[in-house]
Amino acid sequence: MNYLSVENIARSYGERVLFTDISFGINKDQKIAFIAKNGTGKTSLLNIITGQEEPDSGQVVSRNGLNIAFLPQEPELDPTITVEETIFTSENETLKVIHEYEQALLHPEDQDSYQKAFEKMEALNAWDFETQYKQMLFLFKLDQLDVKVGKLSGGQKKRLALARILLNTPDLLIMDEPTNHLDLEMIEWLEAYFARENITLFMVTHDRYFLERVCNEILELENGQIYQYKGNYRYYLEKKEARIQAEKASVEKAKNLYSKELDWMRRQPKARTTKSKSRIDDFYTIKDKAHQRRKDHQVQLEINMERLGSKIVEFHNVGKAFGEKKILDKFEYTFKKGERIGIIGKNGTGKSSFLNILTGNLLPDSGKVIIGDTVKFGYYTQSGIRVKPEQKVIDVIREFGDYIPLTKGRQISAAQLLERFLFDRKKQYDYVEKLSGGEQKRLYLCTVLIQNPNFLILDEPTNDLDIITLNVLESFLMDFPGCLIVVSHDRYFMDKIVDHLFVFRGQGIIEDFPGNYSDYRAYESSAPVSSESKEIPASKKNWKKDANSTLSYNEQKEYKKLERDIKKLEREKKEAEAIFATGELEGDQIDKQSILLQEIMDQIDEKTERWFELSMKMEGEG
């Protein structure tokens, strides 16, 4: 079933042409990702599809009565109302009924209103929806329902807008970078939610794991043309590479033919026959084909990095707190040459404060930080580039010099450097304020890297960068010989770049994990779950099911996980017993296998006991 069709649309701003004659369709249950370079019109296309902008030509046709929801990068919410009021100001009938019931509870003397509201709740089975609504707000850390929207941070507003949209269950959900401002736990929840729900999606995102696990189709806008890939991100990479190779072969063939035809053109007399004119027309078509060039620039900078001495950075009993909130507690660490550390942790656990202490922008309360004489920091912060009025892209780079030294006595000009960071000669003379958000981030990244640091710190470098730029950045970082620290919610990026992790648990607890993010998630999934779970904060309202509900949200998650773990352990137990049944084990092998089998059985007993505890609590609900 077709939900929406984009028919031959075009958009330009003055002389800058974003795209022309773009066509594609969105059908029910498709989960489509839209990929394009920064500055080529991704956000403009989303605005046109959702009716925020008009195309210069062409049209967008949608199915009658289609419920479309749009999550922009910067949601527009009423700052004068509360979180709860924002949730209830929607077209969702169930939410309206819940709101009516909530109001009736505030006036118990009006029995008629209460009875009507109660009957509506029963008719729509709104009690289950109420539980979902509370759990989603709790998960998105929006449980303070009476806070005014104007007092929320940018990240909180993004989460509120997302929660409101998901609760409204649209037919078609269009999103612009939905994972920005979300921590890893929320991203993984959202990923699982979209993967299992029958919801139609069209989104722009740079999160490649999200693409891999959620999307079943990818559209790419490249050189003004749409390419369609019926599969996930891995399929897209394979098929795109095959397309590129086919294009290269086609161009080579055209070049050979062009050489022959060029020779014929030069030998022809001025008078042309009808037949020769036809061949001349073909010649110009061949010429265009032969001169096609792919613009897949790859950054290959061999910057002449200053040597790191034996002493780099040392933390000795460093402590830092903001009131009752501990960031560091007697933290000890000595950085070694070539270290590549990823930093993960929930928002508010002190990741950015740690980086500011490391770079000397924030003083510790206790202990000391010793920085080696040869260390030169390059610090990419979330604040981005400071745009000066009437400043051109090339001028931003020239502030750091006209030339940058490379290895083996070579050098590169500011203009050449910008080309390698995907700014062509024409773009270099654009005003910085006219660049897209992603292009400004790319320029800022360039200014950090060209200062030739030997200790590079990147705080959320992947936000607003397109996938092509991310691949460029990864190629550079893979060859970076200095120390590297990365704070990022981009799991694909972290897996590719870092060797070990600092896990910020909160209250000054920092764990050093020996592996990348996927290793860490695998470890966390296999670790025993603590029986101490935080309860969802009780609402100020008396909901029908609150009195009976005895399993917290985290306990429900734990219960489901225990079921999966027990099944897995039972399989492992059968496999271990099967090895004994072969009769091929001897001596030490028997001892080792016996110990392994006993460990499996102990885990089954432990997890089963906990499963029964939770089961009994659930039975108490009835």
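Which strands and which helix each supply at least two residues of the lining of the second largest pocket?

## The second largest pocket

In this predicted model, strand S2 (16-27), strand S8 (217-222) and helix H14 (437-449) are the elements that each supply at least two residues of the lining of the second largest pocket. The pocket holds about 1100 Å³ of space, and of the 32 residues that line it, the closest to its centre are Val17, Gly39, Thr40, Asp424 and Lys427. Strand S2 gives the most to this lining, with 5 residues.

Sorted by class, the lining of the second largest pocket has 14 charged, 11 nonpolar and 7 polar residues. Two parts of the chain can also be named as contributors, since domain 1 (2-237) and domain 3 (313-526) each provide at least three residues of the lining of this pocket.

## Strand S2 and its neighbours

Strand S2, already met in the pocket lining, is also paired with another strand: S1 (residues 2-13) and S2 run in the antiparallel sense and are joined over 8 bridges. A single pair can be picked out to follow this by eye, with asparagine 2 having asparagine 27 of S2 as its bridge partner. The two strands form a hairpin with 2 residues between them, and in the turn glycine 14 has a positive phi of about 65°.

Strand S1 has a further partner in strand S4 (residues 57-62), and this pairing is likewise described as antiparallel, over 5 bridges. Here alanine 10 stands opposite serine 57 in S4. As a point to keep in mind when looking at strands, the side chains in a regular strand alternate between the two faces of the sheet.

## A second hairpin

Another hairpin is built from strand S10 (residues 313-322) and strand S11 (residues 325-334), which pair in the antiparallel sense over 6 bridges. Within this pairing, glutamate 314 has threonine 334 in S11 as its bridge partner. There are 2 residues between S10 and S11, and glycine 323 in the turn has a positive phi of about 65°.

## The enclosed cavity

The structure holds 1 cavity of 30 Å³ or more, and the largest cavity has a volume of about 40 Å³. Such empty space is found by rolling a probe the size of a water molecule over the atoms. The residues lining the largest cavity include Phe34, Ile35, Ala36, Lys42 and Glu177, as well as Leu465, Asp466 and Ile467.

By class, 6 nonpolar, 2 polar and 3 charged residues make up the lining of the largest cavity. Domain 1 (2-237) and domain 3 (313-526) each give at least three residues to the lining of this cavity, just as each of them gives at least three to the lining of the second largest pocket.

## Confidence in the model

Across the protein chain the pLDDT averages 80, and 83% of the residues score at least 70. Over residues 529-549, however, the pLDDT is below 50, although this stretch has 44 contacts in the model beyond near neighbours in sequence. For residues 291-299 the pLDDT stays under 50 as well, and the model has 20 contacts beyond four places in sequence for them. Where pLDDT is low, the predicted coordinates should not be read in detail.

Technical notes. Residues numbered from 1 in each chain as written. Heavy atoms only, no water. 1 Å grid on protein atoms, 1.4 Å probe; cavity = no way out; pocket = protein on both sides within 12 Å on 5 of 7 lines; lining within 4 Å. Points joined across faces, edges and corners; volume = space filled by probe spheres on them. Helix = DSSP H or I, 4+ residues; strand = E, 2+ residues; numbered from the N terminus. Nonpolar A, V, L, I, M, F, W, Y, C, P; charged D, E, K, R; others polar. Domains from an automatic or database assignment. Pairing = 2+ DSSP bridges. pLDDT = per-residue confidence, 0-100. Contact = heavy atoms within 4.5 Å.
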